[in-house]
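Work through the exercises below with the sequence and the 3D structure at hand. Try each task before you read its solution.

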Amino acid sequence: MKVTVVGAGAVGASCAEYIAMKNFASEVVILDIKEGYAEGKAMDLMQCASLNAFDTKITGSTSDYTKTANSDICVITSGIPRKPGMTREELIGINAGIVKSVSASLVEHSPNTIIIVVSNPMDTMTYLVHQTTDLPKHKIIGMGGALDSARFKYRLAEALDAPISDVDGMVIGGHSDKGMVPLTSHATRNSINVSEFISEERLNQVKEDTKVGGATLTKLLGTSAWYAPGAAVSGLVQAIACDQKKMFPCSTLLEGEYGLSGLCIGVPVILGRNGIEKIVDVPLSDAEKAHLAESAEGVKKTNGLLEF
């Protein structure tokens, strides 16, 4: 199992670290355009191998895509991160050109790979990969919902004053501050709906805190978060590499599911060795349906800014 991570910044390096520590991949290749940067990150991570008891080989390369040849899974984290006050959508002009070039180079050397898109605006970048490569739809996956759901569960556990292992919840919709749809109708504590434990007002606050989870961290850190995004990516990669058939909300190309077509947006999917193996139809409340439709319009508006 060979995994390539393009972008040796904070998110990419964290992703590579978590994949290596889980010890399911034989090799992780980190690529970056900054001279020596990926090589340095790879060397630093390899010096953790004996300390963290992993045998995954990590190599770094400056823009040499031949080193990525025959990768089973490729992760695209490259692009500029958000700064305080920026929306994900404001990154489109620069990141679209980067993602288009990177995906073409990856597919050239690994024509059967599965691509996971992390670069923002994530749903639109995922759609761009669909439009500019010949990969089948089940092999192009946008990572957003897994991260947003982790942030939702964090806020739920905080509100419930409960251990996070007690809590389950999912966020679908667009990976944006306004587009996220936390599914409170399905959020539970040990299978009991959270509405039995906290007030509607408190639950609404959890939803709003979840939606601005990334912006909150960007304001505190001065740049985008990296630990949780890296962990979320590694979870998707492991589910595919180990054929786990796990359910995650991921951005995928819809063709009528949830009443939506012609865009990539976050919905529950089953991930296995073939990538997206099934789109799962879950019942939504009327409010959640309306919010998802509104989110889809926002994603389509951002897609309209693309230049192929």
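Two strands pair if DSSP finds at least two bridges between them. Helices (H or I, at least four residues) and strands (E, at least two) are DSSP runs, numbered from the N terminus. This is a predicted model: local features need pLDDT of at least 70, side-chain atom pairs count only at pLDDT 80 or more, and totals for chains, interfaces and linings use all residues. Residues are numbered from 1 along each chain as its sequence is written, and side-chain values use heavy atoms, with hydrogens and water left out.

**Exercise 1. Strand S5 and its neighbours**

Task: Find the strands that pair with S5, and give the sense of pairing.

Solution.
Step 1. Strands of a sheet pair through backbone hydrogen bonds, either parallel or antiparallel.
Step 2. Take strand S4 (residues 73–76): S4 and S5 are parallel, with four bridges. Val75 stands opposite Ile116 in S5.
Step 3. Now take strand S6 (residues 140–142): S5 and S6 are also parallel, with three bridges. Here Ile115 faces its partner Ile140 in S6.
Step 4. Follow the chain. S5, H5 and S6 form a β-α-β unit, and it is right-handed. The test for a right-handed crossover: with the strands pointing away from the viewer, the path from the first strand over the helix to the second runs clockwise.

**Exercise 2. Two faces of one strand**

Task: Sort the residues of strand S5 (residues 114–117) by side, and say whether they are buried or exposed.

Solution.
Step 1. In a regular strand the side chains alternate between the two faces of the sheet.
Step 2. Ile114 and Ile116 are on one side of S5, and Ile115 and Val117 are on the other.
Step 3. Apply the cut-offs: buried means under 20% relative accessible area, exposed over 50%, partly exposed in between (1.4 Å probe, protein chains only).
Step 4. All of Ile114, Ile115, Ile116 and Val117 are buried, so both faces of S5 are covered.

**Exercise 3. Unusual backbone spots**

Task: Locate the cis peptide bond, then examine the positive phi values of Ala53 and Ser63.

Solution.
Step 1. The cis bond joins Asn120 and Pro121, with omega about -5°. Pro121 sits in the loop between S5 and H5.
Step 2. Ala53 is not glycine, yet its phi is near 60°. Ala53 belongs to the loop between helix H3 (49–52) and strand S3 (57–62). Its relative accessibility is 62%, so Ala53 counts as exposed.
Step 3. Ser63 also has phi near 60°. Ser63 is in the loop between S3 and S4. With a relative accessible area of 38%, Ser63 is partly exposed.

**Exercise 4. The cavity**

Task: How many cavities of 30 Å³ or more does a search of the whole structure find? Describe the lining of the largest cavity.

Solution.
Step 1. Rolling a probe the size of a water molecule over the atoms shows where empty space is left.
Step 2. On a 1 Å grid over the protein atoms alone, a cavity is a set of points where a 1.4 Å probe fits but cannot get out, and a pocket is an open set with protein on both sides within 12 Å along at least five of seven lines; lining residues have an atom within 4 Å of a point. Grid points are joined across faces, edges and corners, and a volume is the space filled by probe spheres set on the points.
Step 3. The search finds one such cavity. The largest cavity holds about 40 Å³ of space.
Step 4. Its lining has 13 residues, and the closest to the centre are Gly144, Gly145, Asp148, Gly173 and His175.
Step 5. Strand S8 gives the largest share of this lining, three residues.

**Exercise 5. The pocket**

Task: What is the volume of the largest pocket, and which helix gives the most to its lining?

Solution.
Step 1. The volume is about 790 Å³.
Step 2. Of the 40 lining residues, Thr77, Ser78, Gly79, Ile80 and Pro81 are the closest to the centre of the pocket.
Step 3. H4 gives the most to the lining of this pocket, with five residues.
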